[in-house]
Amino acid sequence: MGGMGTMSINLNPAELLRFAPAGVQQRTIIPVSEPSISSLEIEYVTDAIKSGWISSAGPYLTRFEEEWAKFCGRRYGVAVTNGTAALELAISVLALPLRSEVILPSFTIVSSLDAVLRNGLTPVLVECDPNTYCMDVEDVRAKVTANTTAIMPVHIYGHPVNMQPLLDLAKERDLRIIEDAAEAHGAECLVHDIWKKCGTLGDVSAFSFYANKNITTGEGGMVLTDSAELADRLRSRRNLCFGRKERFLHEGRGWNFRMTNVAAALGCAQIKRAGELIAHKLQLAEAYTRELLGLPLQLPYIESWARTSVWMYAVVLEESVPLDARSFAARLLEKGVETRPFFLGMHEQPVYANWLSDLHFPVTERIARRGLYLPSGQTLTEESLMKVVSAVRSIL
Ligand SMILES: *Cc1c(COP(=O)(O)O)cnc(C)c1O
């Protein structure tokens, strides 16, 4: 783990406490995630602000779109305000028949489900795989009906969905793929003997660049596609569908989902450092696995067809542990370690209780109660990682 966390100057609020005058409380909690902001990010962002291009026009924006699309290996990138907006926009341009069915996992963030609902489509939830926590592709196959028009695979915690059988199914049944790659910057999946980057596997693919994601713009998102027509529609709808000839004669209904040039400047610096940022995640995962092996925890499993990007180092408490994730997290916090619980499945969300409550997914329900992720941020040093490990050991 040589050099972990040593390369970056971090200027987020928690970190600034280090430079705070005497008397200001020093940081004692190891945070679950912190971004790495180097002098390059500061240079680019300063340049963007000084140039006066602080809204959504400006050179960093097009550069960020082009460079992220290129990094992933796709033709077009359309930057937006966040990953949730990216998903909603991505679905909208596919023009799927109203109320037709979109299959997605229950074990995901609410953004995935809401993107389907806000487009007037019918979500059909599936169970997740007990090893990768990604959607169970067999369950997807079982849930395809004459009314299904699309599938939304969500790569969980950096591990890809098993895309080969999913893409085969989509082809067989003529279904669109909306890929939620918000947690999978740099992850790869083997599809018919070729390694493919996550973000290249959908008709439209959505990323988030939220502060805790592997590549960040603070808040931000992007939709990738290889279709010139879809890219055109994405750009128009991101920007209120302004008329091309007559500006205020709108070509349709859109949103203001525009990313700023300032955020894009941050993103351009992060792309330059993408190799380093993703390598750091793999290193910390390797160290955690080495140190935690043998404890009653299910550690991240990596399928032979997958190259994970380790968004977060996720563990699930085995049945023998007399604590649930919530009490385990509370005990860790007492020891100065911040964690996050797993997602609560969409079928268990009270706000959707009226129409999803009769669903039952045992794996999703179990990991929601037994799973949490450990500090996995870009500023996590080997020293703090070892503190996390000894806190975990002392509780188990
Ligand atoms: C983070 C995330 C999103 C949403 O991204 P935001 O930028 O926070 O809106 C969507 N899907 C998944 C799987 C995510 O982890």
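Tutor: Let's begin with a term: two residues are in contact when they have heavy atoms within 4.5 Å. Keep in mind that this is a predicted model.

Student: Okay, so which residues does Met152 touch, leaving out those up to four places away in sequence?

Tutor: Leaving those neighbours out, Met152 touches Leu87, Ile91, Val102, Ile103, Leu104, Pro105, Ser112, Val116, Met135, Ile178 and Asp180.

Student: And which members of the largest nonpolar core touch the most other members?

Tutor: Met152 is one of them, along with Phe107, Tyr157, Leu166 and Ile178, in a core of 68 residues. The element that gives the most to this core is helix α4 (residues 83-92), with six residues. Both domain 1 (13-35 + 274-395) and domain 2 (39-272) supply at least three residues each. Another core, of 28 residues, lies apart from it, and Ala287, Leu295, Leu380 and Ala391 are among its members.

Student: Let's switch to backbone angles. What sign does phi have in most residues other than glycine?

Tutor: Negative, for most of them. Now look at Asp193: it isn't a glycine, yet its phi is positive, about 70°. You'll find Asp193 in the loop between β6 (188-191) and β7 (194-197).

Student: Is Asp193 buried or exposed?

Tutor: Exposed means over 50% relative accessible area, and Asp193 counts as exposed because its relative accessibility is 73%.

Student: What about Val310: where does it lie, and is it buried or exposed?

Tutor: Val310 sits in the loop between β11 (306-307) and β12 (313-317). Its phi is positive too, near 45°. With a relative accessible area of 6%, Val310 is buried.

Notes. Residues are numbered from 1 along each chain as its sequence is written. This is a predicted model: local features need pLDDT of at least 70, side-chain atom pairs count only at pLDDT 80 or more; totals for chains, interfaces and linings use all residues. Side-chain values use heavy atoms; hydrogens and water are left out. A nonpolar core is a set of buried Ala, Val, Leu, Ile, Met, Phe, Trp, Tyr and Cys residues joined through side-chain atoms within 4.5 Å. Buried means under 20% relative accessible area, exposed over 50%, partly exposed in between (1.4 Å probe, protein chains only). Helices (H or I, at least four residues) and strands (E, at least two) are DSSP runs, numbered from the N terminus. Domain bounds come from an automatic or database domain assignment.
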